[in-house]
Every structure is written in structure tokens, then in C-alpha cells.
Amino acid sequence: MTLNDNVVLKLENINAGYGKFHVLFDMNLEVPKGKITVLVGPNGAGKTTTLNTIFGLATIHSGKVYYRNKDITKVPAHQRAKMGMAYTLQLFNIFSSLTVKENLVLATYDIPESEAKKRMEEVFQLFPRLKERLFQKAGTLSGGERQMLAISISLVRKPELMLLDEPTAGLAPKLAKEVFQAIRQLGDQGYTIILAEQNAKGALETGDEAVLIASGRIVAKGKASELLERKDLAKMYLGLI
Amino acid sequence: MGFAAFMAPLYYASILSLLSVGITLSYMTTKVFNFAHVRYATVAAYFAAATMLTLIVHHHITLNAATRTIGGIQYIMPLPGWIYVVGFVVASIVGGLVSIFLYYAILKPLERKGLPPLALMISTLGFDFLLVAFLFIFMSEKPIINLAAKASSIIGTVNFASLGLDFTDAYIRIGNTMVRGSVLGALVLAVVTTIVLTFLTRKTKLGIMMRSSIENPNLALVLGVNVDRVFAIAWFLAGLIAGMAGFLLLFGTSFLKFISPTSPYNSIVVSVFAGSIVGGIFNVEGSIGGGFLIGLIEKWFVPWLAAVLSMPSLIKYNKVFSMFAVALTLLFIPEGLASIRFSKFRKKKGGGEA
Amino acid sequence: MTNFVILAEQILSFIGIYYIVSIGLNLKAGHMGIPDFGHAMFFAMGGIVVGNIVSHLAAAVAAKSIPGVTVAGVIASNTKTLTIMNRQFFPHHPFLDIGLIILALILSTLLGGFLGWIASLPALRLRGEFLAILLLTVAEGLRVIFTYTKSLMGSTPTVGLSTPALFSWTHNSGVAATVFTIIMALIVYAFVERLHNSPAGRLFRAARDDEDATEALGKNVVTVRRDAMIIGSALAGIAGTVYALNPFLGGGSVAAVSIFNRVWWTFWPWALIILGGMASNKGTGLATIIVGVSLIWPVRLYSFKVAQLLHASALGINPDQFANALEYAFIGLIILIVQASLPRGIIPEPPSRTLPFEKYAKGRILPPESKKK
């Protein structure tokens, strides 16, 4: 099995869930390189489970996961991180009892120090606010800053594939916009990103490709801008109109 | 008071601190209080004794009670040095292996089945009973009984049902006292363990991985840390240190108790938990200090108090003081003495009285 | 034949006593979720009531008529005093004996419950494993106090106090004690089954499953936990009394090493309730029966023979130690195998029985709205 060079990740007939619980049904998905792929859908549709499946945190009942021409269906999660995947969890995605700096140091524990410093500077260019909070306990950050830190923790690892799970959950619209802008910026820099979002409008405006998931199945696929135009889907699944 | 009066308390306190730190290490990582932990020491002691006695029988080594001098320091070492080294290594490795077996063969599978921490704690109890059963059978095996008989004819009475190798303990002269090797060894080991663990958890990559896995296992996993293996290493270290304590137990039976499958476990297990909790169940250095503190309270402070109040019977009630120490700690400073921030004098708790 | 009777008496006594002590723990740990690792101390209270208080009371009465018996002698020359009373006093005063048995049961209930109430004070502040460790430590502290205080447990911790033979007035005191043990177990079973299906029992489990929700419904979780602790501990106290009066398990004496034994009276009951199924009264019963029969009959009785058999072979196992090892392996394996294969026990917790719907619908108890119609 070889993937097209432009495809970083491929899910093939995936049936997955947690233990005996079945969540995802016959899912097929290709993630193009250097693009932002958005997963949208109602609550409980299986967006987070899709990300967990990709990262090896869910139970795969059948089907295969390919990443960079390799079958990684059976590779444990911690090794996927070493293969260049990064995952920003929705909750508990920072070490809240440590400072911002310690968080970033922990994230780069397997990278040489000089290189880690350089990467941190790059991250601070994207999120200048984190630099001001460098020696503050991560638990005392505001909601927006937490998400920025969480994304930074993934970012300093220079991932080839970034999974973001609801980075704007619980944020004020203005902050959410900032986060989306930062993600767009990352997309423009050439990062491959899978973004799972509840906030369909913001996500579809940010992303390149879009996948609509409902009840564990893919309902629609296409360009993000096109999906945004589809009035029927928008009304039925996304509550946009 | 001379140093001699402090020997038993120091030995006891060091043993407790070596065992308490393992309880804390395993609790911090998996949130399970390990009831089998103190038994590792007994298992390790049995294996070390069997190995050392086999070597003694095989090489026909007799005890050398002569006082010798090296570099102006007088010492007595009844057995050749390498036998002690072999015993020590065997004890620590056995301790570590038993611990890692419990982690991988019992705790991990049960945890995957979704059992809560309390159920896992009970499973460590179950494993502990299996260890006792194993020891009862081990010590009554014919080869072991034959070994004891042969060793007895060479170095004096050896009996695996109530094991103690006090007569093979070394001595070294410090000042005017001949200090028991087991006392000095326990003390040095407690100090070295503190230093090594502090360095390991604060300065090394493994330490960083361990701290991140403890703080947020999911996030650590996502960052590429093999959380299971990091925890397994922590458990191995805990077992290793308990094994070292087990080696020292062999030579300190005149301070504590002879070794049998249920001894000294039954008399010290509660004190070990007490040390771990009083020092701080979330703090490695704290638990070492806590174990030391409980040891000194039981074997030094209470006898001293008994002498001052001229109530000799008070000495027997020393565990009651540990009970109060645990109760007060849990109710008022649940994270232990190590969690107290001394704003003016940043001083480690425990050991201060010594 | 007599061998068979003694075997049956041993097994039944084991089952009865372990059922009461385990069900007390089940009430705390299974129904209420309090991980009591100090259960032995409540059990010990029952033993002390018989060995100390009842003996003193009996001696106060006997001192008037029997030479050589004094109240002070109960502690000072315990074996001698109790031997005289067991021979010359108790067999001839059946009504006094029955009165003393009832008194012992009442006192042990009160004392166990009282200690449970004291232990519940920290139980209200602490949770989970920390509470378990605290109770374990407290039990150990109490054991030390009782072991070395002569006026409580006699002069030597291993010998302890002889117990009054309160069944010596019957034809066969062994049978009488066994029947008494079984009757007590049945009474306790009836009580906990009733409790299980009562509003109080449902409240226990509600508070165990979700404290906040229970609080939100206007129930005080603190009092619920306290009640469970008191009742469970009182049952342990009763078990201690039954044990002290039973010649097969108690062996005619109570000692600190036996009644405060955490393996026998804390860890064994834990193994039994895990085997039976947490919060399952029937499960605990079945587990006690299975373990009682298999432990006393094959394990204890034949382990010695098996060991001798093996001893003849090359293995060379000391029979005593082999028997000891088998018992430890037995309990260890029960815990691990049950946890690995049936984590909910052999009879999982039953749903609580509420009023049948038909009765409800027939209007015997109608909700307020339907009454208005």
C-alpha cells in the first residue's frame, strides 16, 4: 500500500470505539499534505473519536490507518508521537501545576536544547502573549492563553501532522477568532492539520478541506468553502441557519 | 549520650525510610498503595541469604572475627567483601523484579479491565499473600534445608524459619565506637537514595518524563512518553530500594526482628505506611524524611519520653505515636510534612533530631 | 461419626462467624463505599466484651458462692479463675448464662457501634485509599494498646483471657454454640436483607454512587456515612462475641493476637466480599459457604496429608509450613482470580426491590396528583 505523496494520512474502512462500544462506522478519510482538514458535526458525532483513532487512543475493531506510506494501525500512541504526530487534547491539555516555560521544556524533552530554544522563539512569534506569561503557572492562564499554550506544546515538536481537538471550546467569540487566525497562519506556513470543531462556521472559514461527521459516519466531504454553502447540510447538522 | 545508644534507632529509621520511599514512588505513579511492598524486602532477604550461604558452602568460607586495620581505620569483616556485594546485588535485583512482576502481570491487566485504585490496592494484598505462601514453601524446600544444615556446620546456626545473619555483620571503628556495618550501611543507603532520587527526578530526562506522566498521563502519552514503561521503571526502583533494605534486614535482626515469611512485615508495615504518609505521599524526598521521622519517634523519642516520665511500659506503646502522627497528618496536612512551605527556613523535615 | 460431627461444627461455625463479620464489612465497603481496612478492631470489641466484661460480671456473682473466685482474679489469675467458674459455676446457672449471652450481644453491639462512630469522624473528611490507610493504622494502634495493657487483655498477648463457657449448661456445648452461631448469622442476614431494600439501604448506595446528587436531593451524606459505619461496626462487634463464645474458632480464649488479627478479621472478610460481590448479601453468604467448606475441609484437613505425601518425595516440604502456605495461597488466589475473571463477584449486587408497579397502580399508594382526580 502506498499513498499518494500528497496524502499524509489515510483511514480505510475504520470501525472503532472504546472497548466494546462502537463509535465509528466504516470511515474512509484522506488527509492532504499542507492543508487544514476540518472535522465538523454535531455533539457526540465521533469527531474526538476520529482523532483518538488516528492517534491510537481508541480501540480499532477493523480497518487500517496509514501514515506516510506505513500501516500504523497497531503502533502504540507514544510511538506515533515520535513519528511526527502531535495531538492537542480538548481537556487537560497542559501541565497546569507547571509554568509556561516548564510546559514547553517538557514538550521538547526529546529534542536537543539549542533546537528547542529556537523552536520556542518561533512559537512566541505566533503567540507573543505566551512570552509575557513565561514564568506564570499554566493553571492560572486565561482560557484563550491556555489553548494557545496547548497548541504551542504540539507546535514546538514541529509535527508533520497536527491534531487539534476543539481548540476554541469555551472561548469568547473574540478569542476564538484569534485562535482560528493562528491556525490559519499555521496552515499557510505549510503545517498539515486536522481540526475537530464544534464551532462549524469558524472552522469551515478557517479550513481547506472539510468532513462532516454525524453518528459515527461521514455524511459529506469536500472543500470547506463549498460545505459552508450547502444550505441543507448546514441546517440539518450544523445549526448554522 | 554516645553514638552507641543511637544505633538501633538510626538503623530502624533508615530501614523505614528506604521502605517508605517505595510506597510513595508506587503511589505517585499508579495511585495504588502497595501492600506487597514491604514483603519485597523479606523475599529479597531470603534470596540474598540463600545466595550468600551457597557461596559460603561452596567456597568453604569460615568466619573471620579478627579486627583488621586499613588506612588507620579498624574494622571487622567476618565474610569476604565480595560475598556482601553479591548478596546486596541479588537482594536489590530480586526486589526490583518482584515489583515489576506485580506491575506488569497483575496491576496493568487489572487496570485495563477498569478496576478502580481501591480494587487494585486489594489486588496487591492478594499478591502479597501469594508471596507469603511462596516464602513458606521456599524455606521448607529440601535444598534450602540442606543448605542451612551445611552452612550451620561452617559458620554457626542458620535457620531459614527464623532467619538472621547478625553474626556475619561487619563493624567499623568511628571515634571510640565499633559501629555495626548494617547501621552504617542503612544510614548511608538512605542518604544516597535521597540524593540519587532527587537528582533522577529533577535533573534527568527520565525524571522529566516521570513528572509529566504523574501530572497528566494522557498529555505525556500524546507527547510521546511511554507512560507504562516510565511507571514500570518507578516500580522497579521502588522494588530495588526495598530489596536493598531487605539485604540490611539480614544483619539487623538484633535491632528489629528475625526474618520469617511474616516477620518483620507484620510489625513494620504500618510504620512504613505511616512514614510515607507523614512525609508526603506526593513527594519522594518527603517520604524518606517521613520514614526517618517515624523511625526516630518509635525507637528514640518514645524510649526517651519513657525515661523522662519514668514510665518504662510506655516503650511498648510506640506504635500508638505513629498512629497519631498518621491521623493528624491525614486530617490536617494531607499532603504530608513536605507540603509545608517554611517561608523563612527552607529545611527538609525529618532527620533533624539525629 | 464424631469426627464428622466435629468437622460439621467447625465448618458451620466458620461460616456463621465469617458471614457476620463479612456482612458488617460489606455494609461499609460494599453498600457505602467506605474502604475499612481496620475492620478487625470492631470485631475485637466483641471479643473483649466476652473475655473481659462478661467474665468480670460473672465473677462478681460467682464470688459469693464459689471459693477461689474473686473479681480481681479474672485478670490476676485468669486461667485459674475461669477454669473454676467454667467447671463449678456456669453449668449450674443456665438462666444467668443466657442472660450473660444476651448482655454480651447488647454490649458488643454498643461498643462496636460506638467505636464505629468514633472511626466515622475521620471517615467523613477522608476518601478512598487514604481512609483505608488511616483505619489500618488506627486498628494497629488500638491493637498495640490492647496487647500491652494488662487490665484489658491479660498479662500475655499470645495467651490472652480465657472465655466463660456460657453454653456449658447444655447437653452438648459444641452443638449449642454452633446452633447459636448459625442462628445469629441468620438473624444478621434477615436484618441486612431488610436494610438492603429499605429506604436507608437505598440511601447508602445512592450516597456511594453519587454523593453530590444525594446531597442535592436533600440527604445529608455525612450522616449516611456515619450510620453505615456504626451499623457495620456493630455487626463486627456481634461477630466478635459469637467468635469468643464459639469453642471451635475461638478455642476457649480471646487474645490480642487473635481478635485483632488483621489477616483473619480484615483481609479475609475483604476477600469474601470481593468473591461474593460487593454490596451483595447473598453473594457474601455463598462466598462464605464455599470458602468455609473448602478451607476447613480440604485445605486445613488434608494439606497436612498432602504435605506428608510430598515430603516422602524429593521435594521435602515441612508439613506445618506447607499447610500455612496453602492457606495464604488460597486467600491470595481467591482475590486475584476473582478480580481478574469476575470483578463483580459470584452474585453481583442485586437491584433494590421497590414497590411492585401493580400495587402502585392499584392505588394503594397514590401520588398526590392522581388522588385529586
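Two strands pair if DSSP finds at least two bridges between them, and strands (E, at least two residues) and helices (H or I, at least four) are DSSP runs numbered from the N terminus. With that in hand, welcome to this structure, a predicted model in which local features need pLDDT of at least 70, side-chain atom pairs count only at pLDDT 80 or more, and totals for chains, interfaces and linings use all residues. Residues are numbered from 1 along each chain as its sequence is written, chains are lettered from A and ligands numbered from 1 in the order in which they are written, and side-chain values use heavy atoms, with hydrogens and water left out.

**Strands of chain A**

Let us begin with strand E6(A), residues 85–88, which runs parallel to strand E7(A), residues 161–165, and is joined to E7(A) by 4 bridges. One of the bridge partnerships links Tyr87(A) with Leu163(A) in E7(A). In a regular strand the side chains alternate between the two faces of the sheet. In E6(A), Met85(A) and Tyr87(A) point one way, while Ala86(A) and Thr88(A) point the other way, and all are buried. Here buried means under 20% relative accessible area, exposed means over 50%, and partly exposed lies in between (1.4 Å probe, protein chains only).

Chain A also has an open sheet of 4 strands, ordered E2-E1-E4-E5 with antiparallel pairing. Its edge strands, E2 (21–32) and E5 (70–71), each pair on one side only. Strand E1(A), residues 7–18, runs antiparallel to E2(A), with 8 bridges between them. Among the partners, Leu9(A) is matched with Val31(A) in E2(A).

**A helix of chain B**

Helix H3(B) covers residues 81–112, and its 32 residues should span 46 Å at 1.5 Å a residue; the end C-alpha atoms are 46 Å apart, which agrees. That expected span is 1.5 Å times one less than the number of residues. H3(B) has a kink of about 30°, centred on Tyr103(B); the bend at a residue is the angle between axes fitted to the seven residues ending there and the seven starting there. After H3(B) comes Gly114(B), with a positive phi near 90°.

**Two cavities**

The structure holds 2 cavities of 30 Å³ or more. On a 1 Å grid over the protein atoms alone, a cavity is a set of points where a 1.4 Å probe fits but cannot get out, and lining residues have an atom within 4 Å of a point. Grid points are joined across faces, edges and corners, and a volume is the space filled by probe spheres set on the points.

| Cavity | Volume | Lining residues by class |
|---|---|---|
| Largest | about 60 Å³ | 6 nonpolar, 1 polar, 3 charged |
| Second largest | about 30 Å³ | 5 nonpolar, 2 polar, no charged |

In these classes, Ala, Val, Leu, Ile, Met, Phe, Trp, Tyr, Cys and Pro count as nonpolar, Asp, Glu, Lys and Arg as charged, and the others, Gly among them, as polar.

The lining of the largest cavity includes Arg39(B), Asp128(B), Arg262(C) and Tyr328(C). Helices H4 (117–139) and H10 (265–279) of chain B and H13 (262–276) of chain C each supply at least two residues of that lining. The second largest cavity is lined by residues including Leu25(B), Thr201(B), Gly207(B) and Met210(B). For this second lining, H6(B) gives the largest share, 3 residues.

**Two buried residues of chain C**

Met184(C) sits in helix H8(C), residues 173–196, and is buried, with a relative accessible area of 10%. Ala119(C), in helix H5(C), residues 94–123, is buried at 9%.

Methods: On a 1 Å grid over the protein atoms alone, a cavity is a set of points where a 1.4 Å probe fits but cannot get out, and a pocket is an open set with protein on both sides within 12 Å along at least five of seven lines; lining residues have an atom within 4 Å of a point.
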